[in-house]
Amino acid sequence: MSQAYLSIQNIHKTFGSFTALKEINIDIQKNEFICLLGPSGCGKTTLLRIIAGLEKPTHGRITVGGKDITTLPPAKRNFGMVFQSYALFPNLTAYQNVAYGLQGRHFSKKEIDEKVREVLSLVDLTHIHDRYPSQLSGGQQQRIALARAIVLSPDFLLLDEPLSALDAKVRVKLREQICDLQEKLGITTVMVTHDQEEALTMADRIVVMKNAEVMQIGSPEQVYDEPNSPFVADFIGSINFLGENQTKIAVRPEHIRISAPGSMQGIPAIVKHIEFRGAFYRLLLQPAGHHGGQHDWELLTIDVSAHVSQHLKLTKHAEVTIEFPEEKLINFSEEAVVNL
Ligand SMILES: Nc1ncnc2c1ncn2[C@@H]1O[C@H](COP(=O)(O)OP(=O)(O)OP(=O)(O)O)[C@@H](O)[C@H]1O
């Protein structure tokens, strides 16, 4: 890999006796879209604020393009930022909100006008440029916030849960728009989210955090298919842990094979619960009678397509046979299990 563009080196942060970040190291490439993902309180926002210069690390270094910015105030770091709560000026129009940051920066009126029109067109909002924030939907306000963040052509973009205040449909649409924009501008981006679906669909690489530490860094496929710990497996997507009193082997619900009772050399099970999920059915299965071996489990979650469900006539109490494909089993090291 080439030298990192945005480099987070041994960043440590304590608030009194509380440790919010423990020796964080992340190398981010130019034009990369990184998501910081983890449960509430794991330190994501603190890390983003340290990158922005809004919070000082207890120790550690941040460099951008090889230049140490650790002690630079926010105004001297060339970044754009978008928050969950739009943070637009209510008394300024959409156009004026975007133009605000350009004023007093030695741009001519004409240059300001050109830049504002350009970014408003990038976020597809030229037609509502003269509206005030209260006259805009949540999604539109967030697109204005995005336009405002990119109008100064920043070196990098920081997004703090930018989609969490929006309703589901708007969120999905804006996800795509943010990704398109990020790709078009080729801007290095760090986004904080606690939403695994958001991270999986948007990020080039995901940084999974837990209790002030980085647990795993990898592409969405890597963290989903090859989680390095039971925590990551469980936090991203659904997972079944197999084995009594231990969690060393796991399998995703969509990877378990299901067929009619007695139809193959598998494990007999009974459908305890069936849930329609639109594109698929989610089943909860219980083993039928005792079966020994390493694949002990009490209840198993399996996802099956509507087609398979209809074919097997799956209903509550139905008998089925299941198999765990060897190549789809996830094995964790002893060390990873201890760290759960
Ligand atoms: N200024 C502060 N003083 C004391 N503790 C703080 C301060 N800022 C953050 N913390 C603590 O540090 C921990 C990490 O907070 P942070 O906001 O980074 O978490 P997060 O992962 O972004 O969580 P969330 O998703 O809930 O926003 C939390 O336990 C929080 O209470």
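Let's start inside helix H1, where the buried residues are Lys44, Thr46, Leu47, Leu48, Ile50 and Ile51. Keep in mind as you explore that this is a predicted model. Helix H1 is a good place to begin, since H1 also gives the most to the shell around the ligand, with three residues. From there we can visit the ligand, the sheet, a pair of helices and the start of the chain.

**Helix H1 and what follows**
- Helix H1 covers residues 44–52, and after H1 comes Gly53, which has a positive phi, near 90°.
- A handy thing to know when looking at a helix: an α-helix has 3.6 residues a turn, so residues three or four places apart point the same way.

**Around the ligand**
- Which residues are around the ligand? They are Phe15, Phe18, Ala20, Gly38, Ser40, Gly41, Cys42, Gly43, Lys44, Thr45, Thr46 and His194.
- Two elements, strand S2 (18–28) and helix H1 (44–52), each supply at least two residues of this shell.
- By residue type, the shell around the ligand holds four nonpolar, seven polar and one charged residue.
- Lys44 and Thr46 belong to the shell around the ligand, and both are also listed among the buried residues of H1.

**The sheet**
- An open sheet is formed by four strands, and you can trace them in the order S2-S1-S4-S5 with antiparallel pairing.
- Which strands sit at the edges? They are S2 and strand S5 (67–68), each of which pairs on one side only.
- As background, strands of a sheet pair through backbone hydrogen bonds, either parallel or antiparallel.
- Strand S1 and strand S4 (residues 59–64) are joined in the antiparallel sense over five bridges.
- For a concrete example to find on screen, look at His12, whose bridge partner in S4 is His59.
- Strand S2 plays a part in two of our topics: S2 is an edge strand of the sheet, and S2 supplies at least two residues of the shell around the ligand.

**Two packed helices**
- Helix H4 (residues 138–150) packs with helix H5 (residues 168–185) at an angle of about 15°, and their axes are 11 Å apart.
- Because of that angle, H4 is roughly parallel to H5.
- The crossing in which H4 passes H5 is right-handed.

**The start of the chain**
- Gln3 is found in the segment before strand S1 (6–15).
- Why does Gln3 count as exposed? Gln3 has 11 C-beta neighbours inside 10 Å, and a residue is exposed if that number is 12 or fewer.
- Gln3 and Gln135 are 132 residues apart along the chain, and their C-alpha atoms are separated by 45 Å.

Methods
Residues are numbered from 1 along each chain as its sequence is written. This is a predicted model: local features need pLDDT of at least 70, side-chain atom pairs count only at pLDDT 80 or more; totals for chains, interfaces and linings use all residues. A residue is near a molecule or strand if its C-beta atom, placed from the backbone, lies within 6 Å of it. Ala, Val, Leu, Ile, Met, Phe, Trp, Tyr, Cys and Pro count as nonpolar, Asp, Glu, Lys and Arg as charged, and the others, Gly among them, as polar. A residue is buried if 20 or more other C-beta atoms lie within 10 Å of its own, exposed if 12 or fewer, and partly exposed in between; C-beta atoms are placed from the backbone. Two strands pair if DSSP finds at least two bridges between them. Axes are lines fitted to C-alpha atoms, for helices over the stretch in contact, and angles run from 0 to 180 degrees between N-to-C directions. Angles under 35 degrees count as roughly parallel, over 145 as roughly antiparallel, 65 to 115 as roughly perpendicular and the rest as oblique. A crossing is left-handed if the near helix is turned anticlockwise from the far one by less than a right angle, and right-handed if clockwise.
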